[in-house]
Amino acid sequence: MPEDLKTRAQREMAEQQQALQETGPYMTLGIQLVLTILAFFGIGYWLDHHFKTGSLWTAIFAGFGAFSSLTYFIVTVIRLQKLDDKRALKKESK
């Protein structure tokens, strides 16, 4: 009986590890999105104060940061989804 509990615990641990490996790449995407926008916003803010241009550079750089980070987000999600689909096809073919 104790061996069954040990085997069950190992199986559950392996399932949890697999779930984390599959979802891990998705977990950092939100943080990357926000940090990219904030970094570009900060650059624009600094340029505005340095050149005393109101909020022109802040708007330009924040917009560029949002566009580039959303583009990266979408491309990464599509790429990861394709990898997941390939893994699922491999698993089904076995």
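Here are some notes on a few residues and one helix pair in this model.

1. **Ground rules.** Keep in mind that the model is predicted, with local features needing pLDDT of at least 70 and side-chain atom pairs counting only at pLDDT 80 or more, while totals for chains, interfaces and linings use all residues. Residues are numbered from 1 along each chain as its sequence is written, and side-chain values use heavy atoms, with hydrogens and water left out.

2. **The helix pair.** Start with α2 (residues 29-51) and α3, whose axes come within 7 Å and cross at roughly 160°. That makes α2 roughly antiparallel to α3 (the label is for angles over 145 degrees; under 35 is roughly parallel, 65 to 115 roughly perpendicular and the rest oblique). Axes here are lines fitted to C-alpha atoms, over the stretch in contact for helices, and angles run from 0 to 180 degrees between N-to-C directions. Helices themselves are DSSP runs (H or I, at least four residues), numbered from the N terminus.

3. **Serine 69.** Now look inside α3, which covers residues 56-93 and holds serine 69. Is serine 69 buried or exposed? Serine 69 counts as buried, because its relative accessibility is 5% (buried is under 20% relative accessible area, exposed over 50%, partly exposed in between, using a 1.4 Å probe and protein chains only). Leaving aside residues up to four places away in sequence, serine 69 touches Leu33, Thr36 and Ile37 (contact means heavy atoms within 4.5 Å). A polar atom of the serine 69 side chain also lies 2.8 Å from the backbone oxygen of glycine 65.

4. **Isoleucine 60.** Helix α3 also contains isoleucine 60. With 43% relative accessibility, isoleucine 60 counts as partly exposed. Try finding phenylalanine 40 from there: the two are 20 residues apart in sequence, and their C-alpha atoms are 8.9 Å apart in space.

5. **Lysine 52.** The loop between α2 and α3 is where you'll find lysine 52. What is worth checking about its phi? Phi of lysine 52 is near 50°, a positive value in a residue other than glycine. For background, most residues other than glycine have a negative phi. Lysine 52 is also exposed, at 72% relative accessibility.

6. **Methionine 13.** Finally, go to helix α1 (residues 2-27), the home of methionine 13. Methionine 13 is exposed, since its relative accessible area is 56%. Its C-alpha atom is 52 Å from that of aspartate 48, and the two residues are 35 apart along the chain.

Technical notes
Helix = DSSP H or I, 4+ residues; strand = E, 2+ residues; numbered from the N terminus. Polar contact = N/O pair within 3.5 Å; in protein donor to acceptor, adjacent residues only side chain to side chain.
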